[in-house]
Amino acid sequence: MSFRLYGVLAQQSFKTFLTYRMTSVLVVLFGFMFTAIEIAAGFVYYSFAHRIGGLNFLQYEILIMSLTSITTTYQFLFVGAHESLAGDLIEGNLDYLFLRPLPSYWYYALRQLDFPSGVNLLVYMPVTVFLLTRFPLSWSAWGLIFVIYVVGVLFVFALNQIVVEISFWYDNLTALNGVPEDVISAASRPARIYPRWLQLILSTILPVLALSNGIVTVTVKQSTAVRMLIPLVIVTVLLLVFSFYLWQRGTRHYVSAN
């Protein structure tokens, strides 16, 4: 997809954002409210202890804000397409997609930006960077943080993409769309508070702990963060390949409703 076409799609998404102004404002406000609750919970937790799971209060807030920045970036870039796929299949809207001489996988995934999430991200990202600057980090550490952030966004995208692609074969399974978000949310705590067997599963097989704890671990020990990043990269690549395979199979299985 060319930058020019992506710019046109972004303009269309922005017009949708302006058309549904009241809904958009409410989405932005609720997004800030839920994040504020997570931050306030940190004050409550650390009123009972100085360190939880090896992290102090500032590191805990970095964990919350870095994970929120990753998931909000995914929402800004991809959630619009993921929310509409099941409906588009039933209504036959994919017909127009296949008429275009473009790779349908990435065109569909990137065709709609969620600007309310973009507004949230404009606040979350600087706050996360500001919290990280409270630690003396080298340039290599910042590079590692950037890699974890990019791979984390792709991991969340691939996980959600696989779930929504089930709609090619089964109707009324949209309730599953919330499963990836619930799994990631459940891992949004310091890794060391989980039992070792669960840490092993959530760090290697489904590395959501690397997603939630990876960036804050850079402020503790970079070598540990690198060890967390490796399975995250491997699983993300496997998920992307599998989601692409499912998309190819699903589009062959697709029958136009028109």
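These legends accompany an overall view and several close-ups of a predicted model.

**Figure 1. Overall view: an all-helix pattern along the chain.**
The protein has 11 helices and 0 strands. Read along the sequence, the pattern is α-α-α-α-α-α-α-α-α-α-α. The C-alpha atoms fill a box of roughly 60 × 40 × 35 Å along the principal axes. For 258 residues, a compact globule would have a radius of gyration near 18 Å, and the protein agrees with this at 19 Å. Of the 258 residues, 46% count as buried. The exposed surface comes to about 14000 Å². Carbon and sulfur atoms supply 69% of that surface. Contacts between residues at least 6 apart in sequence were also sorted by separation, and 77% of them join residues at least 24 apart.

**Figure 2. Close-up of helix H10, residues 208-218.**
How many of the 11 residues of H10 are buried? The count is 11 of 11, so the helix is largely enclosed by the rest of the structure. The buried set includes nonpolar side chains such as Val 208, Leu 209, Leu 211 and Ile 215. Ser 212, Asn 213 and Thr 217 are buried as well. Which helices do the buried residues of H10 pack against? The partners are H3 (57-91), H6 (115-132), H7 (139-165), H8 (179-186), H9 (196-205) and H11 (222-253). Two residues of H10 return in later views: Leu 209 touches Gln 199, and Asn 213 is in contact with Arg 189.

**Figure 3. Close-up of the largest pocket.**
This pocket has a volume of about 1300 Å³. Its lining holds 41 residues. Thr 71, Gln 75, Val 79, Ser 117 and Glu 181 lie nearest the centre. Which helices each supply at least two lining residues? They are H1 (3-19), H2 (21-45), H3, H6, H7 and H8. H3 gives the largest share, with 11 residues. By class, the lining has 17 nonpolar, 20 polar and 4 charged residues.

**Figure 4. Close-up of the second largest pocket.**
The volume here is about 450 Å³. The lining has 19 residues. Nearest the centre lie Ala 191, Arg 192, Thr 217, Thr 224 and Met 228. H9, H10 and H11 each supply at least two lining residues. By class, the lining has 8 nonpolar, 8 polar and 3 charged residues. Thr 217 belongs to H10 and is buried. Ala 191 and Arg 192 appear again in the next view, as contacts of Gln 199.

**Figure 5. Close-up of Gln 199 in helix H9.**
Is Gln 199 buried or exposed? Its relative accessible area is 18%, so Gln 199 is buried, the cut-off being under 20%. Residues up to four places away in sequence are not counted among its contacts here. Beyond them, Gln 199 touches Ala 191, Arg 192, Tyr 194 and Leu 209.

**Figure 6. Close-up of Arg 189 in the loop between H8 and H9.**
Arg 189 is partly exposed, with a relative accessible area of 21%. Leaving aside neighbours within four places in sequence, Arg 189 is in contact with Glu 38, Tyr 45, Tyr 60, Leu 63, Ile 64, Tyr 194, Leu 209 and Asn 213. Arg 189 and Asn 213 are 24 residues apart in sequence. Their C-alpha atoms are 7.8 Å apart in space.

**Figure 7. Close-up of Tyr 124 in helix H6.**
Tyr 124 counts as buried, at 4% relative accessibility. What does Tyr 124 contact, leaving aside neighbours within four places in sequence? The residues are Gly 31, Phe 32, Thr 35, Met 65, Thr 68, Ser 69 and Thr 72. Ser 69 and Tyr 124 are 55 residues apart along the chain. Their C-alpha atoms are separated by 5.8 Å.

**Figure 8. Close-up of Ile 90 in helix H3.**
Is Ile 90 buried or exposed? With a relative accessible area of 57%, Ile 90 is exposed. Asp 171 lies 81 residues away along the chain. The C-alpha atoms of Ile 90 and Asp 171 are separated by 8.5 Å.

How values were computed. Residues numbered from 1 in each chain as written. Predicted model: local features only at pLDDT ≥ 70, side-chain atom pairs only at ≥ 80, totals over all residues. Heavy atoms only, no water. Buried < 20%, exposed > 50% of the residue type's maximum accessible area, 1.4 Å probe, protein only. Helix = DSSP H or I, 4+ residues; strand = E, 2+ residues; numbered from the N terminus. Contact = heavy atoms within 4.5 Å. 1 Å grid on protein atoms, 1.4 Å probe; cavity = no way out; pocket = protein on both sides within 12 Å on 5 of 7 lines; lining within 4 Å. Points joined across faces, edges and corners; volume = space filled by probe spheres on them. Rg over C-alpha atoms; globule rule 2.2 N^0.38 Å. Areas by Shrake-Rupley, 256 points an atom, 1.4 Å probe, with all protein chains shown as cover.
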